[in-house]
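The exercises below go from the whole chain to single residues. Each task is followed by a worked solution.

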Amino acid sequence: MVTKRDFYDVLGVNKSASEAELKAAYRKQALQWHPDRNKSPEAEQKFKEINEAYEILSNADKRAAYDQYGHAAFEPGGMGAGGFAGFGGASPFGGQTRTYQNGPFTYTYYTGGSPSAGSGQEGFEGFDFSDPFEIFEQFFGGASPFSGRQQRIPHYSISLEFLDAAKGCEKEVVIEGKMRTIKIPAGVDDGSRIKFEDFYLSVDVKPDKVFKREGADVVVDVDLPFTMAILGGEIDVPTIDGDLTLKIRPGTQPGTMVRLANRGIKHLHSSSRGNEYVRLIVKLPEKLTREQREILEEFKKVYPERSRREDRGWF
């Protein structure tokens, strides 16, 4: 007999996990073990296990039953030879039993009823242990590749440069032996899944040397000469729409972040955009000429005295 893993362990959360924590854990695990992205032999079984765990724990009633009875809550004749108290060893869900065959797996589901319907028993009302892979459709959109309700739609993947994903683009791809032009919407992220008319497309976005993405926001590190940090000036900074001239205030400190509103990445299904954050990295010279050193020595003589006077409130 195969022993099932604890559903909380499957998702990598503790028993007090919130709904948001469950969703985040499910998304991470499902993307990691989706068989179209993970080609390891155990991917299909892992993916099924992850969906089944989320199917139970994301439903308040099912989660309560699982916390009290464990896996036995969802097995016919569970909780020992006598089954659940008051159920006489039958499925606690009542209704119909359905068995599906999908590849090497056989699944049995209990749907369409409750113990109180026709059995005179109370409790466990509203349970409908559906195909655990249906949760993938609800969470990510599109059909589960394991669903037996319809013919599986082909699933392909494409690798994109950062700017192509951020700004959107058109690509020519070969689908079932035919060259096709597809439009990638602006704002797709690594792991995004796009449904076209007759196939799905998973997107892998390559890391960029300049831009770092944080949701719809973009972070850029810009080297700033120390003289400009002190005196102020103007410097060109990169954005996803091209270079932009940024004014630097005198006395800018190392690590200063400048927000460029609406210069980030477009939100999918929306016209709004995120922001760009420019982090100013003050660059100090590694070598000085004799003249530069003499100038800094003179500055050194003046600046500390002025700083002490400012601290004492003399100015």
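Of the 315 residues in the protein, 37% are buried, where buried means under 20% relative accessible area, exposed over 50%, and partly exposed in between (1.4 Å probe, protein chains only). The model is predicted: local features need pLDDT of at least 70, side-chain atom pairs count only at pLDDT 80 or more, and totals for chains, interfaces and linings use all residues. Residues are numbered from 1 along each chain as its sequence is written, and side-chain values use heavy atoms, with hydrogens and water left out.

**Exercise 1. Describe the protein as a whole.**

Step 1. Count the elements: there are 8 helices and 13 strands. Helices (H or I, at least four residues) and strands (E, at least two) are DSSP runs, numbered from the N terminus.

Step 2. Take the contacts (heavy atoms within 4.5 Å) with a separation of 6 or more: 47% of them are between residues 24 or more positions apart.

Step 3. Take the surface: the accessible area is about 19,100 Å², and carbon and sulfur atoms hold 49% of it. Such areas come from the Shrake-Rupley method with a 1.4 Å probe; for residues, only the protein chains shown count as cover.

**Exercise 2. Work out the sheet that contains E7, then place Ser202.**

Step 1. The sheet is open, with 3 strands in the order E3-E7-E6 and mixed pairing; two strands pair if DSSP finds at least two bridges between them. Its edge strands, E3 (155-160) and E6 (193-195), each pair on one side only.

Step 2. E3 and E7 run parallel and are joined by 6 bridges. Within this pair, Tyr156 stands opposite Leu201.

Step 3. Ser202 belongs to E7, which covers residues 200-205. Is Ser202 buried or exposed? Its relative accessible area is 8%, so Ser202 is buried.

Step 4. Beyond four places in sequence, Ser202 touches His155, Tyr156, Ser157, Ile158, Ser192 and Arg193. The side chains of Ser202 and His155 also make a polar contact of 2.5 Å. A polar contact is a pair of N or O atoms within 3.5 Å; within protein, one must be able to donate a hydrogen and the other to accept it, and residues adjacent in sequence count only if both atoms are side-chain atoms.

**Exercise 3. Trace the pairing of E9 on both partners.**

Step 1. E8 (residues 211-214) and E9 (residues 217-225) run antiparallel, joined by 4 bridges. Phe211 has Val220 as its bridge partner in E9.

Step 2. The hairpin of E8 and E9 has 2 residues between the strands, and Gly215 there takes a positive phi near 70°.

Step 3. E9 and E13 (residues 276-283) run parallel, with 8 bridges. Leu224 stands opposite Val282 in E13.

**Exercise 4. Which residues touch the most other members of the largest nonpolar core?**

Step 1. They are Leu160, Ile184, Leu224 and Ile235, in a core of 34 residues. A nonpolar core is a set of buried Ala, Val, Leu, Ile, Met, Phe, Trp, Tyr and Cys residues joined through side-chain atoms within 4.5 Å. E9 gives the most to this core, with 4 residues.

Step 2. Another core, of 22 residues, lies apart from the largest one and includes Phe7, Trp33, Ile56 and Ala65.

**Exercise 5. Place Lys15.**

Step 1. Lys15 is in the loop between H1 (7-11) and H2 (19-33).

Step 2. Its relative accessible area is 58%, so Lys15 is exposed.

Step 3. Leaving aside neighbours within four places in sequence, Lys15 contacts Tyr8 and Arg63.
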